[in-house]
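I am opening my notebook on a structure that is new to me. I want to record what I look up, place by place.

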Amino acid sequence: MGNSGNAFIEMTGITKRFPGVVALDDVSLSVSRGEVVALVGENGAGKSTLMKMLSGLYHPDEGEIRVDGRPVRITDPKCAQALGISTIFQEPSLAPHLNAVQNVYLGRETQKGLIGRAVKRLDEKAMLEETQKLYAKFFPTVEDVLIPVGQLGALKNRVIEIVKALSIKCSLVIMDEPTAALAEHERQVLFDFVHMLKSQGIAVIYITHHLRELFGLVDRIVVMRDGKNVAEVGPGDTDEGDLVARMVGRTITNFIVKEDVSVGGEILRVEHLTRKGVIDDVNLHVNRGEIVGIAGLAGAGRTETVRAIVGADKASGTVSVDGKKCRIQTPGDAIAHGIGMLPENRKLQGALVEQDVKDNITLANLKEVLAGNFVIRKNKEVKTAKEYVQRLGVKTPTIYQKVKSLSGGNQQKVILAKWLFTKPKVLIFDEPTQGIDVGAKHEIYSLIADFVKEGGGILLVSSELPELMGLADRIYVMHQGRIVHEFTREQATEENITLYASGGHES
Amino acid sequence: MKKQAVAHTKKFDELGILIVMIALFVFLAIASPFFLKVENIQNLLLQSVFVMLVGFGMMFVLTIGGIDLSVGSILGYSGAVTGIIIAAGGNVFLGILAGLGTGAAFGIINGLLITQLRIAPFLVTFAMSSVVRGILLLSTTNGAVSGFAVPEFTYLAQGYIIGLPIPVFITIIVFVILLFLFKFTSFGRNVTAIGSNREVAFLSGVSCNKITVGVYMLSGLLAALSGILLAARLTAVQSEMGGGYEMDAIAAAVIGGTSMAGGKGSIIGAIIGAVILGMISNGLDLLSVNQFYRQIIVGAIIIIAVALERFTSLKTERV
């Protein structure tokens with residue numbers, strides 16, 4: 001479409017079928033050098049499938065890919081690299097024990113002759129210098145390049161991935177949810193990098209669920225739905241609501257609905273929660289019918305706080321439920337006292353992705369379906385699983401489906417079902433909608449609302465301020481392991497939350 | 001559409017390897033006139049059950065995401081403990097109980113070292129294998145443990161119940177118990193959950209440490225049971241008894257579809273795996289082929305079984 005004359009990548013009529021589904025149906029996409037194109041759509045719209053063709057992981061059944069006007073067949077990732085196409089995947093793909101230099105050169109280390117030409121050794125110096133040169137474009141200081149990347153933060157890891165992409169002399173960088181693990185101010189830094197790539201004549205394809213990011217960042221927005229192109233617009237001709245409507249094919253009004261729920265007595269109280277070097281004297285409480293948010297930057301200790309509350313990590317301090325002090329040493333104890341936690345990483349911490357929906361739903365409260373204290377009552381278990389699948393609207397063919405084959409939103413619903421089945425008084429959500437498409441987000445929000453309407457309390461950790469401000473009755477702000485401020489719903493604005501989260505305070 | 005999906009997930013996972021077993025069976029039946037003789041089949045089953053019992057335990061250990069390299073040594077030493085007690089005039093029942101207790105105790109130590117000191121199962125059980133073998137060597141410095149062949153004890157290996165050698169009969173009972181334990185109890189479910197993803201299981205309130213210790217105890221117990229039956233059959237315990245059983249047990253489990261990565265196991269598969277191993281030895285005997293070929297064939301079958309499993313699971317994955 002459009003400027004086909006000087007496009008770097010031009011994909012036309014791409015069709016891809018998997019057994020039983022047409023993943024892509026006659027899709028076209030073109031990107032020119034120095035252009036930033038956003039690719040948006042719900043999960044399952046076909047964005048990733050399309051991108052995997054550019055990185056050589058899938059091959060189109062029909063259609064053509066041209067690079068600089070020349071038809072190509074991208075057979076494998078090496079071939080994509082040779083064509084100058086580089087992908088930064090959503091999941092970090094660096095080796096955590098290696099440093100930046102080693103990661104950047106992983107698999108294509110520079111070598112020089114040790115004995116003649118036959119025996120070679122690594123040319124550490126050349127690799128270091130080259131990495132530093134690339135690195136210097138982003139950071140004035142370069143001391144980090146020799147530290148194992150696992151010890152660096154999410155932002156620096158992203159930057160190393162970008163440096164790695166650049167070191168391959170690429171002409172197109174594909175970024176899949178690059179801001180996923182980043183805090184608000186870090187995102188800004190990443191956007192600067194994108195502008196820099198653009199100014200160097202590099203084409204960028206930018207995939208994200210955070211539609212707000214696109215404005216001021218991209219030149220063109222391509223919207224996909226159900227494996228088809230549905231729209232191509234300039235950022236000036238659209239807004240968030242319009243994009244969402246195009247993505248889901250209907251208009252979503254009142255994106256976050258805050259229902260009026262009367263707040264009752266206290267359910268959860270946490271006092272003097274401390275874990276050395278991580279969280280320091282955290283005090284908070286949650287009332288019946290209340291949604292309480294925790295805001296803060298990455299590394300502020302939010303996840304660590306909620307993990308300590310449920311006994312996933314050892315910490316000192318007290319946790320009381322309904323006014324009574326509880327001894328919580330493991331997540332099992334927390335469940336027994338009516339506290340459940342949905343962790344931040346669905347695949348690694350939330351669900352048994354290799355097991356089926358039924359086993360996941362009953363996992364945290366298996367004793368409820370036991371006869372005696374050992375034997376599983378199959379009938380009761382199946383009935384329970386079916387009941388929760390229906391109640392939460394999990395889209396799955398049967399309860400025997402492996403969780404990994406479900407979409408992100410449905411995986412999250414299965415996890416939520418697991419926790420609701422423990423009949424909790426308080427539910428703690430850590431980044432509940434990360435990487436979930438808009439439609440499913442909406443459903444998760446209304447499930448949260450249902451829970452508080454029935455008298456439950458919610459503690460919500462989220463990096464997305466609109467989500468936090470839209471849902472929460474009160475918001476605690478954390479900075480460097482401490483709660484530094486508490487806002488009521490009325491007081492909270494994006495500006496003042498960000499101010500406290502980054503260590504400042506109102507004068 | 002919906003019906004189909006159910007059929008898919010309820011399909012018989014062990015089908016592929018069952019076909020391999022039947023093919024091997026048919027081949028041997030044709031190749032050797034002695035293969036189908038009742039005595040030979042009895043003998044084949046009898047040869048298979050010692051590895052099978054250890055393989056059951058290994059199946060649990062692999063499913064929880066661990067490995068147990070100490071079972072061979074535990075098998076040998078537990079058999080020796082039972083033998084020594086009976087030889088010293090102790091009660092047969094007491095001797096057996098002591099042997100089983102020895103296996104369970106070493107299993108518990110394995111489990112505690114793994115969960116409390118957080119040392120990798122490979123290292124803990126590798127070291128334990130060496131320690132236990134060393135203890136067995138010390139107790140056999142004056143020659144093999146023997147003199148325990150009282151009729152009450154050897155009957156365990158030589159007697160028959162409803163036409164089945166007693167070790168086979170015992171194995172069938174153990175199989176039924178373990179199948180129930182694995183498929184229909186919270187213990188079995190939690191073993192699979194932990195092996196599938198320990199962090200998820202932990203955050204969901206599963207007592208990961210307790211169950212892990214339980215699994216290694218079970219593995220030690222089954223190795224001991226196998227060792228006691230083997231001692232009754234051989235009527236002497238050499239210092240090397242049980243050597244290499246850990247590898248055969250792993251082979252039986254893996255051939256039967258148990259994943260080395262955890263989260264997926266099959267008891268029926270372990271039976272099929274052990275019978276296949278038994279048939280290979282038996283077949284080579286009958287065809288008077290050098291037993292050294294066994295190693296090569298076993299290796300090839302492991303690769304085929306795992307490849308088969310990978311191939312079928314890839315096909316069903318993208319629905």
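Below are my notes on a helix pair and on two single residues.

I keep in mind that this is a predicted model, in which local features need pLDDT of at least 70, side-chain atom pairs count only at pLDDT 80 or more, and totals for chains, interfaces and linings use all residues. Residues are numbered from 1 along each chain as its sequence is written, chains are lettered from A and ligands numbered from 1 in the order in which they are written, and side-chain values use heavy atoms, with hydrogens and water left out.

Entry one, a helix pair. I looked up helix α12 (residues 378-392) and helix α13 (residues 408-420) of chain A, whose axes come within 10 Å and cross at roughly 120°. Helices here are DSSP runs of H or I with at least four residues, and axes are lines fitted to C-alpha atoms over the stretch in contact, with angles running from 0 to 180 degrees between N-to-C directions.

Entry two, a threonine. I found Thr125(B) in helix α6 (residues 121-139) of chain B. Thr125(B) is buried, with a relative accessible area of 0%, where buried means under 20% (1.4 Å probe, protein chains only). A polar atom of the Thr125(B) side chain lies 2.8 Å from the backbone oxygen of Pro121(B).

Entry three, an alanine. I placed Ala351(A) in the loop between α10 (346-350) and α11 (357-362) of chain A, and noted that Ala351(A) counts as buried at 1% relative accessibility. The C-alpha atoms of Ala351(A) and Ile361(A) are separated by 9.2 Å, although the two are 10 residues apart along the chain.

Note on methods. Buried < 20%, exposed > 50% of the residue type's maximum accessible area, 1.4 Å probe, protein only. Polar contact = N/O pair within 3.5 Å; in protein donor to acceptor, adjacent residues only side chain to side chain.
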